[in-house]
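Colleague: Please take a close look at a single part of this model and describe how its pieces meet. A connected account would suit me better than a list.

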Amino acid sequence: MLDAVPSFAIGVLSFVFLVFASWCVGEGGEILGKKYDASIIGGLVIAWLNTAPEAIFFITALDSYNPRFAVGAVSGSSIVVCTVALGACLWFGTRARPSKTIFLQPQVKRQCLILASSLIITSCIAFFGFNTLCGVAGVIFYLGFIAHSLQSQVPDVEKEDDLEVGEKHEEEDEHEEPTYKGVGYLIVGGVTIFLCSKPFINSVVDAASSLKVNPILLAFFLAPVASEMPEILESISLSRKGNIQNINIAYSNLVGGTITKTTLLTGIFSFFGVAKGFVWESPSYTVSLFLLILCAGAAAATGYSFTKQKPYHALCLWGLFVITGIIEYSTNSSFQEHIEIEQVMT
């Protein structure tokens with residue numbers, strides 16, 4: 001029945017539902033964020049709501065002997081999260097506060113340090129190619145990240161910064177929402193994301209194909225932006241009110257999701273490469289992973305190295321997205337031309 005519906009209409013409708021899903025996740029995260037640690041709600045719960053569908057598509061691509069699409073998806077999506085989505089979190093979060101600054105809680109800062117450490121595994125895969133040892137290390141590192149996050153305690157953070165800028169503690173006057181309501185919001189948002197992400201991505205791909213958009217531009221930019229649209233919308237939804245706890249949840253969500261990709265998904269990528277005998281396509285795979293490392297490192301450094309984050313940090317991350325996009329496009333265009341020449345010669 002959906003075949004009779006124009007792809008454009010499906011795209012618009014699925015985008016509307018994704019906006020609704022991001023609102024649900026934002027509301028659920030706000031409710032649970034008052035009761036539990038931001039690094040758990042954002043870095044584990046919400047991060048997996050967003051990453052699980054993408055992980056399924058990633059594994060399906062590898063199992064279908066399409067490693068180029070898989071590495072492009074994990075690299076492109078990580079770059080989008082660490083630059084576009086994180087930039088949106090910082091921009092809307094800081095602009096919504098009178099002081100024009102935000103600060104990250106110690107638990108979220110530790111997640112940034114963990115993200116930076118996880119890039120060692122991604123670097124090894126980029127250097128040595130498909131390797132069973134790197135795959136094992138990636139899975140173990142991710143399990144350790146989960147164990148560390150679950151040991152985090154609810155922070156006793158006084159909102160001194162809010163008092164300094166004259167903000168009122170409206171939360172004290174509000175009726176505390178029950179936990180089940182927050183969980184319900186997350187379930188509705190997660191299910192909606194799972195159901196609507198693929199139709200939205202497919203509609204973007206169909207539109208790009210009908211407009212004869214360059215396949216490299218599609219694989220490394222348009223598709224990743226489409227796949228990460230829920231995270232971008234959630235970043236805006238959680239950060240737009242300027243509430244520090246919600247901003248920490250949004251930041252933790254993006255960092256936690258990226259750790260999943262730099263450890264678990266790259267580890268799975270390495271496993272599949274060894275098991276199925278994939279050929280390591282250099283420089284395409286190497287450059288894609290190194291650009292992932294660059295953007296993830298910038299996201300980690302922005303969160304860990306600065307006492308307070310300001311609007312210009314968002315602008316820097318958006319600028320980094322443009323730079324990596326130019327490099328990715330140039331490298332893969334040259335690689336694609338090289339492949340076509342070899343095919344003609346053979």
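Modeller: Phenylalanine 290 is a convenient place to start: its relative accessibility is 31%, so phenylalanine 290 counts as partly exposed, the class between 20% and 50%. The model is a predicted one. Phenylalanine 290 sits in helix 11 and is paired with phenylalanine 127 of helix 4 (residues 106-128), a partner 163 residues away in the chain. The ring centres of phenylalanine 127 and phenylalanine 290 are 5.4 Å apart and the planes stand at 80°; planes over 60 degrees apart count as edge-to-face, so this pair is edge-to-face. Phenylalanine 127 itself is exposed, at a relative accessible area of 62%.

A second pair involves the loops that adjoin these two helices. Phenylalanine 130 and tryptophan 280 have ring centres 5.1 Å apart and planes at 80°, so they too are edge-to-face. Phenylalanine 130 belongs to the loop between helix 4 and helix 5 (132-150), whereas tryptophan 280 belongs to the loop between helix 10 (244-276) and helix 11, so the pair ties together parts 150 residues apart in sequence. With a relative accessible area of 15%, phenylalanine 130 is buried. Phe130 and Trp280 are also members of one aromatic cluster, together with Tyr65, Phe269, Phe278 and Tyr285. The structure holds 10 aromatic pairs in total.

Tyr285 leads on to the packing of helix 11, being one of the residues there that meet helix 3. Helix 3 (residues 67-95) and helix 11 (residues 284-305) pack with their axes 9 Å apart and at an angle of about 20°. Angles under 35 degrees count as roughly parallel, so helix 3 is roughly parallel to helix 11. The crossing of helix 3 past helix 11 is left-handed. On the helix 3 side the contact is made by Pro67, Arg68, Val71, Val74, Ser75, Ser78, Ile79, Cys82, Thr83, Leu86 and Leu90. Facing them in helix 11 are Tyr285, Ser288, Leu289, Leu291, Leu292, Cys295, Ala296, Ala299 and Thr302. Sorted by class, this contact has 14 nonpolar, five polar and one charged residues.

One further residue of helix 3 deserves mention, threonine 94. Threonine 94 has a relative accessibility of 0% and so counts as buried. Beyond its neighbours within four places in sequence, threonine 94 is in contact with Lys100, Thr101 and Ile102, and also with Gln309, Lys310 and Pro311.

Definitions and conventions
Residues are numbered from 1 along each chain as its sequence is written. This is a predicted model: local features need pLDDT of at least 70, side-chain atom pairs count only at pLDDT 80 or more; totals for chains, interfaces and linings use all residues. Side-chain values use heavy atoms; hydrogens and water are left out. Axes are lines fitted to C-alpha atoms, for helices over the stretch in contact, and angles run from 0 to 180 degrees between N-to-C directions. Helices (H or I, at least four residues) and strands (E, at least two) are DSSP runs, numbered from the N terminus. Angles under 35 degrees count as roughly parallel, over 145 as roughly antiparallel, 65 to 115 as roughly perpendicular and the rest as oblique. A crossing is left-handed if the near helix is turned anticlockwise from the far one by less than a right angle, and right-handed if clockwise. Contact means heavy atoms within 4.5 Å. Ala, Val, Leu, Ile, Met, Phe, Trp, Tyr, Cys and Pro count as nonpolar, Asp, Glu, Lys and Arg as charged, and the others, Gly among them, as polar. Rings of Phe, Tyr and Trp (its six-membered ring) pair if their centres lie within 6.5 Å; planes under 30 degrees apart count as stacked, over 60 as edge-to-face and the rest as tilted. Buried means under 20% relative accessible area, exposed over 50%, partly exposed in between (1.4 Å probe, protein chains only).
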